[in-house]
Every structure is written in C-alpha cells, then in structure tokens.
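The following note collects points for a colleague who is about to examine this structure. Please read the points alongside the sequence and the coordinates.

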Amino acid sequence: EFTYTWNTSGYSPGTHTIRLEVAAQGDNSWSNPSVREASYTLQSSSGLSKPTLISPANGALLPPGTQVTLRWNSVNNAVQYLVEIWGGQYGNNRATPCGWTSNTSCYIGTMRPGNVLWRVKARDSLGNESPWSDEWNFTPQ
C-alpha cells in the first residue's frame, strides 16, 4: 500500500477523477498495469459564508398558537438552503422540514410547547455547502 497526493491548485471546483497506473513490480512492464481510480469533489476556494438567522429571535418565548416561520439572510452565491430543527416536539431527532429550498424562510406552523433549536446552511450551484449558521432557540408556550 502507498499514499499519493496531487496539486489541485490549477483545477476548477467540481467533481474530478484521478487515475493511477502502476507497472508490474520487478519487470516495469506496462502491458498489464495495476489501475486505481478515485473521484473527488474540489470545493470552491472562495467558499460560502454561513447564513445569519433573523427570526424568531434567539431565546424568544412565543405565545400559544403562534404560527412559526423561520427566517434568515441570503448568502452570496447560494442557490439553496437547508433548515435543521430539533427539540420541542421533535425531541432529539433532527428534522429538515423544508428540505433544500431556494427561499430564505421555512414555514413550520403551530408548535407544541417546548424549547426548539434550529440552524441553516447554504449550498451553491456546484453543490458546495457553507458551514452551519449559529444555533438559535425559541420556546413555544
């Protein structure tokens, strides 16, 4: 076994494949080389910044029956966003109630009482993802 590396500085973001051919040991014959291929995704060097959450405000106490819509600021070069929410009626299960969406909001509706946490990340047209936003919480009562 061996490890190999390569310089990717001259390549554009996206999916690439590297092919390694090794001649037979001892006779250096290329008539039947050992071949290995591996694919990798090169992330954009500029990267996406993490989304900034807007509402509900961090630590907000929501009156009973409040219709909840999660909102965040757009990120330059992002085409989609993913909301992750847990706590409250979700328990320890992390849910993505709106899936990947091009909106900068996600309607949740009325929620049962309990502390809820949420965060958002962005994705660009090449599939590169931002870091997660800060985690905020709110408590429907």
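1. The model is a predicted one. A useful entry point is Val83, whose contacts, leaving aside neighbours within four places in sequence, are Leu70, Trp72, Ala95, Thr96, Pro97, Cys106, Arg119 and Val120. Val83 belongs to strand β6. Its relative accessibility is 1%, under the 20% cut-off, and Val83 therefore counts as buried. Thr101 lies 18 residues away from Val83 along the chain, with 8.8 Å between the two C-alpha atoms.

2. The largest nonpolar core has 23 residues, and those touching the most other members are Leu70, Trp72, Ile85, Ile108, Met111, Trp118 and Phe138. Two or more residues come from each of β4 (60-62), β5 (67-72), β6 (80-87), β8 (105-110), β9 (116-123) and β10 (136-140). The largest contribution is that of β9, with 4 residues. In soluble globular proteins, nonpolar side chains tend to be buried together.

3. Ile108 deserves a separate look. Once residues up to four places away in sequence are set aside, Ile108 touches Val68, Thr69, Leu70, Ile85, Tyr90 and Pro97. Of these partners, Leu70 and Ile85 are also named among the core residues that touch the most other members. Leu70 and Pro97 recur in the contact list of Val83.

4. Which cysteines does the disulfide join? The link is between Cys98 and Cys106, with an S to S distance of 1.9 Å. A search of the whole structure finds 1 disulfide. The link is right-handed, with 90° about the S-S bond. Its two ends are in unlike surroundings: Cys106 has a relative accessibility of 1% and is buried, whereas Cys98, at 28%, is partly exposed. Cys106 is also one of the residues in contact with Val83.

5. Asp124 merits attention as a charged residue that is buried yet has no salt bridge. Arg123 carries the nearest side chain of opposite charge, at 7.2 Å; a salt bridge would require a distance within 4 Å, so this pair does not qualify. Asp124 sits in the loop between β9 and β10.

6. What lies 2.9 Å from a polar atom of the Asp124 side chain? One such atom is the backbone nitrogen of Leu126. The backbone nitrogen of Asn128 is another, also at 2.9 Å from a polar atom of that side chain. The buried Asp124 side chain, without a salt bridge, thus has polar contacts to the backbone at Leu126 and at Asn128.

Definitions and conventions: Residues are numbered from 1 along each chain as its sequence is written. This is a predicted model: local features need pLDDT of at least 70, side-chain atom pairs count only at pLDDT 80 or more; totals for chains, interfaces and linings use all residues. Side-chain values use heavy atoms; hydrogens and water are left out. A nonpolar core is a set of buried Ala, Val, Leu, Ile, Met, Phe, Trp, Tyr and Cys residues joined through side-chain atoms within 4.5 Å. Buried means under 20% relative accessible area, exposed over 50%, partly exposed in between (1.4 Å probe, protein chains only). Contact means heavy atoms within 4.5 Å. Lys and Arg count as positive and Asp and Glu as negative; His and the chain ends are not counted. A polar contact is a pair of N or O atoms within 3.5 Å; within protein, one must be able to donate a hydrogen and the other to accept it, and residues adjacent in sequence count only if both atoms are side-chain atoms. A disulfide is a pair of cysteine sulfur atoms within 2.5 Å.
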